[in-house]
Amino acid sequence: MNDEISPNYRPFDPVSILDYVKQRPEMSAVFRPDDELVADEVGDGNLNLVFKVWATADPERTVIIKQALPYLRLVGGDWPLPVERARIEAEALKIEYDLVPAHTPKVYFYDPEMYLFAMQNLNHHVIMRKGLSEGIKYPHFAEHIGLFLAKTLGMTSDLVLDYRTKKEMVKRFINPELCKITEDLVFTEPYRKTERNPYHIELEPQVLALQADETLRVEVAQMKEKFMTQAQALVHGDLHTGSIMINQQETYVIDPEFAFYGPMGFDLGAVIGNLLLNYAAHEVRTPDPDKRADFRAYLTGTIIDLWHVFTREFQRYVWDQVDPVNMPKGYQDNYMLRLLHDAAGLGACKMMRRVIGLAGVSDIRGIEDVHDRTVAASLALNIGQALIFERESLRTIEDLVEVATACEPVVPWPADKG
Ligand code: SR1
Ligand code: MG
């Protein structure tokens, strides 16, 4: 897989990265020749080395260097991965930056020998998943992510691009090994017995029942087929709340190394599904019923709002630009409805994998008390199942929220916990 790896490639460390940064001419956009630099390795994801580099005299002069390792960091050398994914990520970021600079970090350069790129350090932002788990609301998120989704999905699709450009883009973003991770971890392994499903034992009865449900596996297989065959737009491919850096004013989408030409619903569903995972986590993270209801109203309101922003901006950047003879209103309306159904079905798969499979989410797996964790996980699984089964009956985003909020956990809330 990594046969063609550059002979000059070597993984950096916090010391060697400094000399490398100093000799890159592009870094004069951030650092001065006489700057003393320091670096930290801050990667907490599953796949890469991530170095934060800054000038000691002024920590605001800072960059992130992200370097691909030839194996999966989460499990070590036994799982090789193509380092070329760094090119995919850097190119996807550049396209997203051209489309939505307010919500994409700037890339300074990509190095095809070291399989790394330098980008803007979002040092005044936090990972959204962390903030949401602490009950922090982000009032502008729906507006920001709705715009990001409309532009990055709509404007990389056949609806806007000419026939040749679109096909060239598909070729540029062929990403088989990272897609295979998703095919396995999102659509395959959660639905069978495997040692790579590290759910906790208390959840086992529900997981076994889910895996035994052939009607569910039929629906999941349809979603997997869609993921593998529908080259609709340049999707981010991993747009969970851990790929979003945020504060009260700004939102940035990071980490598009899984980018490829796939169904728009995969990104839409990732955002919605991850907000619903957080919704499920607050079943136990926020024991006070009023506070819980308030935060959940924020989460569900955000889902509704982001969808309306998405459709509004999609109208502006896509439908208002197309030939209405070839794409009449009836087609446009049906297209948006199919996106809603895809978002529900694909988002459901993304929820269930985070509960059952490898690479869970801290919203739920970070809940220390095992009974509490089981309650939250159970609710997330039930929301996922309801959404995938009900997806084609949905007419509006409000319907989707209604289906999700009607769900309960299988495990009862114990009387002594209120
Ligand atoms: C084995 S990599 C595990 C997960 O991390 C990434 O964020 C993707 O979601 C992938 O499935
Ligand atoms: Mg990632």
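**The surroundings of ligand 1**

Sorted by class, the shell around ligand 1 holds 6 nonpolar, 2 polar and 3 charged residues. This is a predicted model. The nonpolar members of the shell include Leu47, Leu72, Ile181, Leu185 and Phe258. Asn46 and His240 are the polar ones. Asp238, Arg353 and Arg354 carry the charged class. Ala359 also belongs to the shell.

Take the charged residues in turn. A polar side-chain atom of Asp238 lies 2.6 Å from an oxygen atom of ligand 1. For Arg353, a polar side-chain atom is 2.7 Å from a ligand oxygen. Its sequence neighbour Arg354 places a side-chain N or O atom 2.9 Å from an oxygen atom of ligand 1. Each of these pairs falls within 3.5 Å, so each counts as a polar contact.

How much of ligand 1 does the protein cover? On its own, ligand 1 has 310 Å² of accessible area, and the protein covers 94% of that. The ligand sits in the largest pocket. Two elements give two or more residues to the shell: α6 (176-188) and α11 (329-356). Ile181 and Leu185 fall in the range of α6. Arg353 and Arg354 fall in that of α11.

Now step back to the domains. The shell draws at least three residues from domain 1 (16-120) and at least three from domain 2 (126-417). Asn46, Leu47 and Leu72 lie within the bounds of domain 1. Asp238 and His240 are among those within domain 2.

Finally, look at the backbone. Most residues other than glycine have a negative phi. Ala359, a shell residue, has a positive phi, near 65 degrees. Ala359 is in the loop between α11 and α12 (362-365). Asp255 also has a positive phi near 65 degrees. That residue lies in the loop joining β11 (251-253) and β12 (260-262).

Methods: Residues numbered from 1 in each chain as written. Chains lettered and ligands numbered in written order. Predicted model: local features only at pLDDT ≥ 70, side-chain atom pairs only at ≥ 80, totals over all residues. Heavy atoms only, no water. Near = heavy atom within 4 Å. Polar contact = N/O pair within 3.5 Å; in protein donor to acceptor, adjacent residues only side chain to side chain. Areas by Shrake-Rupley, 256 points an atom, 1.4 Å probe, with all protein chains shown as cover. 1 Å grid on protein atoms, 1.4 Å probe; cavity = no way out; pocket = protein on both sides within 12 Å on 5 of 7 lines; lining within 4 Å. Sits in = over half its atoms within 2 Å of the grid points. Helix = DSSP H or I, 4+ residues; strand = E, 2+ residues; numbered from the N terminus. Domains from an automatic or database assignment.
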